[in-house]
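Biologist: Before we discuss the terms used for this model, could you put the sequence and structure in front of us?

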Amino acid sequence: MGHFKHTLLGRLLADPMAVFAMLIISGLVLVALFADAISPHNYAEMNLVDRFAPPSSTYWLGTDNLGRDTFSRLAQGSRIALYVALVAVSISGTIGLILGMIAGFGPRWLDNVLLFIFDTLRAYPTIILALALAALLPRGLSTVIIVVVITSFSEYGRVVRTQTLSLKNAEFILAERAMGASSARIVFHHILPNVLGPFFILAAMNLPVVITIEAGMSFLGIGVPPGTPSWGATLKDGFDFIRTTPWIIVAGGLPLILVTLGFTFLGEALRDQLDPKLRKSR
Amino acid sequence: MLQYTFQRVLLALAIIVVAISALFTIMITLPGDPTTVLLGPRATPELRAAFRANMGLDDPVLVQIANFWGRVLRGDLGTDYNRNRPVAEAVFSALPHTMALVFGAIFWSATLGILLGAFSADNRNSWLDRVSGILSVGFIAAPSFVVALYSLLLFSVTLRWFPTIGAGEPGDLGSRLYHLALPSFAIGLAWVGYVARIVRASMLETLGENYIRTARAFGLSRRKVIYNYALRVAILPAVQVLGVGIGGMLSSAVFAEIVFSRPGIGSLIYDSVSGRNYPVVMGSMLVAIGFFVTCALIADLVNAALDPRQRVK
Amino acid sequence: MNDLKTTSIFPSLTRRQLFAGTAALGAATMFPIAAWADGSRLNVRAYLEPDDYDPLDASGFLEELLYGCIYRKLIQYVPGEEWDWQLDLAETIEQASPTTITFTLKEGQMWSDGFGEITAEDVKFSMDRHMVEENNSRIKPDLGTFTHVEVTGRYSGIIHMERPFAPIWTIALPYLAGTVICKEAVEAAGGKITTAVPPAVSGPYRVVEHRLGERWVLERNPDFSGDPAEFERVDLIVVVDDSAAEIAKDAGDVDFTSIGAGSVQRLRENPPAGAEMTVHPALFYHWVGLNVQNPKFEDIRVRQAIMHAIDVPSIMQAAFFDVAEPSTGIIAPGLIGHRPATQIPPQADFARARELLDEAGIDRLELKLDVLNNVTHTTTAQVMQAMMAQAGIDLNIEVHESGSFWSLGVAADGDRWKDLELTIKRFSMTPDPYYATAWFVSDQIGDWNWEQFSNEEFDRLHDEALSETDPEKRDEMYRRMQDLMEESGGYRFLTHGVTANLFADSIIPATRPDGQPMVQFFRRA
């Protein structure tokens, strides 16, 4: 596994798109870590006199409806985005991974039950389920994460299941079984490593989706509490006052687009590197 | 194939039943009494009690679910007590608008996406491929509601090329299509990227397959190989993605309908969830999920018919 | 070139009798005279969809927007800057005794679709049906102590009340409850109007169709007994979002719309070509309410401290864009009972707040604020949060969408009402103070009285004031009631808000003093 990773990283760095993606992602992480240091103003400070200001040397991306500095708010927002993305993807990914492997490798009846649950969850359009759940649960970031997890884990589950199923009857697996290896050993030592490839690609592509779900929920007003500088909430403020100034929306959309671009490029690069058939045909 | 179809249809029905019943249970346990919202300050306790009785809100949950399905099987989607009219009326007058929006989006994403994807695969690793690749990702990246807002501002308000509100005059196909163009484009744009990429990736994968290399070995030209074999196979995942994508498009439709002030299932659901208008929520959800599951089912069956390897048994 | 005309109209505080009924205008001058009867269209925006076909189910102003075009009443509001009424179907109408109102109808006023003349029987039918239990009339409270209409002739009748009810002149007869519908047609249809196109109409317009979720299409009513309506076709277009409505107006899809307060300043500075804007004081009342029964607030000094920590001018600036004025109570200027000033000044006094808290022995106070999911209120909440910190108060904001929010204080929906601390609310209003104080009596605890305010004197005054016929006395009583509310420490009054309208200069709109449009009186410029 170690040798494999080293080669992978090396090859990734040779791909300009992957480099670009990694730059963006490290940029995101840095901004999130040092948000307070790089913000010219306190993100919550209101200057009503200066509200709706266009970009200037004082307010690099302008101000919002309460005179708060948009740049500082967006910088803070990177923390929220990163937090939601990592936590939600970790939780839903783990759940999906475990359930997917069980579904693929376990008894048929269990597979059918799990598949049925996956399919049922996928039957809900995301924002609709979000509306219903968000109304039931107390408002806040935890609720957003719960909503995202519930709407996402089935996707991981399906992919992992498909991968597990195709591996289940591979020759080396059959050989292991013939030699008497237990199911647990087979799953964790042989299936898991081979499933991780598509899994990580999915995770990389799912991260921007998760961030977008939070943005969408906050945009509709059912996400973070008011005053919280999530990117979606900033877009909502901008939308409410779109006729007064376009800058809040223009600025608010930028980090979302950059970050989703970055993660998606990374996912694409990973796919290019990890899919052996593709590699050969390059 | 017939047996497969039968099984899938049964499964789809089961999914719809479970999904809707679960949602029904969630709705009922939500805090918030519809009578308060619907009747406003004028509601007397007697009036509220009468409404509660009418809506059957005092029965146990399972009874309410059973009653709901009983009515549905008889073709009755319930009564909207806010307007004293059948839910079916509100839902079925809204549904065509959303369907038009979704199919418009599919049209945009399928045509532009397949073209872009095949083009990329054909010219793979050239700068053209790179640019298309970046464009594809760029389209996916922007949240659909931002795309909708920007389109509205640019194309409707500033350039005045497209109308801002509504769905057009009834009976006038031209007007309908004119009002449909921009919102469906805003929804479909994200999927152009997905489709293009899926098509490209799948074509490249197919091109590496044994049977393709055999065809090449037999002397068939590269172009022919791509467009006769690979593209056909590549359409499968495109169909799959779009079948799944309809769920995402329904979500995007909520935003598009709000931004462009269009009637439709999306805005109907959003308004009725906020207003705790249970009968309308359940009726519209049933139709929305039913529509989505049916589309996914059709995509699945088409998939299975075209490529028997996909029928996992 | 048209200059943007912005008139901020605040009626002066005169103690004139409300609805003296001075103007006895005939039907000929009330409805606009169309110089040319050529084809012309009008598109008016509706911020919610009127969706109740029968007045029994009407929810509020949006239905009146529709009914005003297609039905007539005994009297109607006079569009303009001061609240007044004018005759419509009535030839004469007067208060014969404290509990009776006699009226005579103009002759020859016709229904459409061949249903003949409008008679006193139609008036009786239209009003009495609200009192019938099975009909579950949603607007029955607007009629107060009304009992029935007595028909004394083909064109004459007497309106009976159990006790004197002054508001019948201001909120019942010229509004939803006073809508006259056709007895013969509605009875033939089963006793209730259940279709979008009603069986018979009497107003300047009639319904062509109702496109659900989109618009109402109306056209000129050829059977209308006044002069032909100004426009050949009128569309009431549903656009919920203020921004979208403005965009629609810019694009020419609507001719008249209300706009958000946030746009007023911008439009004043950059007036769009071919448009005019007017700003009217609204009747709504916004306030921060405090649950006086919550153990946290047992000490009145705590309540007063909180009141002192809310800076109303900042809220006006941040959430209302300086177009609205701080209010003095729940009754807007121009109505009987309007209070000239509050006891606690609208500016916050953080030092005083801190003082009071210290006296009460509280170091740091943590509070919960429940608000509705709309921009104005969430902005207000954020401003409050930022400012209260100065007095050592930590405010946690909880946002709810409408379904959840409006049941917070309702006992029938669970126990959340007991734990309420602070809420920001806005109630809609009709031009009579009775309609404001009705929600704050002791009976309303567990319903609309979320502050759980209970005061014997208040309850008694409310009951007496609705029957009081002397306007000066009524004025005093309603002012006293608002004093009591403020003294309880449960209410910090914010504003009445404004209604800003934007419209094409090709039309001359007609609005009530609070800015709500009366489409039946719109004219072309």
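Modeller: This is a predicted model, and a good place to begin is Val279(C), whose bridge partner in E20(C) is Ala500(C).

Biologist: What makes strand E14 (residues 275-281) of chain C and E20(C) a pair?

Modeller: Two strands pair if at least two bridges are found between them; E14(C) and E20(C) are joined over seven bridges in the antiparallel sense, so they meet the criterion.

Biologist: And how do you know that strand E13 (residues 256-259) of chain C pairs with E20(C)?

Modeller: By the requirement of at least two bridges, the four antiparallel bridges between E13(C) and E20(C) are sufficient; in E13(C) and E20(C), Ile259(C) stands opposite Ala500(C).

Biologist: Why is strand E20 (residues 498-504) of chain C called mostly covered?

Modeller: Buried means under 20% relative accessible area, and seven of the seven residues of E20(C) are buried, so the description follows from that cut-off. Both faces are covered, with Val498(C), Ala500(C), Leu502(C) and Ala504(C) buried on one side and Thr499(C), Asn501(C) and Phe503(C) buried on the other.

Biologist: Elsewhere in chain C, which strands are called the edges of the open sheet ordered E5-E6-E8-E7?

Modeller: The four strands pair in the antiparallel sense, and strand E5 (90-97) and strand E7 (146-153) of chain C are the edge strands, since each pairs on one side only. Neighbouring strands of this sheet are turned by 20° against each other on average, direction ignored.

Biologist: What makes E7(C) a partner of strand E8 (residues 156-161) of chain C?

Modeller: Six bridges join these antiparallel strands, which satisfies the requirement of at least two; Phe146(C), for instance, has Met161(C) in E8(C) as its bridge partner. Helix H3 (residues 120-128) of chain C packs on the sheet, touching strand E6 (100-105), E7 and E8 of chain C, and its direction makes about 170° with that of E7(C).

Biologist: Turning to chain A and chain B, how do you know that they are in contact?

Modeller: Contact means heavy atoms within 4.5 Å, and 46 residues of chain A are in contact with 50 residues of chain B. The two chains bury about 4,200 Å² between them, 74% of it on carbon and sulfur atoms, while Phe116(A), Tyr124(A) and Ile128(A) supply 12% of the area that chain A buries against chain B, more than any other three residues.

Biologist: How many salt bridges does the rule find across that interface?

Modeller: The rule finds zero salt bridges there, although it does find four residue pairs in polar contact, both at pLDDT 80 or more. H11(A) gives the most to the side of chain A that touches chain B, with 10 residues.

Conventions. Residues are numbered from 1 along each chain as its sequence is written. Chains are lettered from A and ligands numbered from 1 in the order in which they are written. This is a predicted model: local features need pLDDT of at least 70, side-chain atom pairs count only at pLDDT 80 or more; totals for chains, interfaces and linings use all residues. Side-chain values use heavy atoms; hydrogens and water are left out. Helices (H or I, at least four residues) and strands (E, at least two) are DSSP runs, numbered from the N terminus. Axes are lines fitted to C-alpha atoms, for helices over the stretch in contact, and angles run from 0 to 180 degrees between N-to-C directions. Buried means under 20% relative accessible area, exposed over 50%, partly exposed in between (1.4 Å probe, protein chains only). Buried area is the accessible area (1.4 Å probe) that two parts lose on being put together, summed over both. A salt bridge is a side-chain nitrogen of Lys or Arg within 4 Å of a carboxyl oxygen of Asp or Glu. A polar contact is a pair of N or O atoms within 3.5 Å; within protein, one must be able to donate a hydrogen and the other to accept it, and residues adjacent in sequence count only if both atoms are side-chain atoms.
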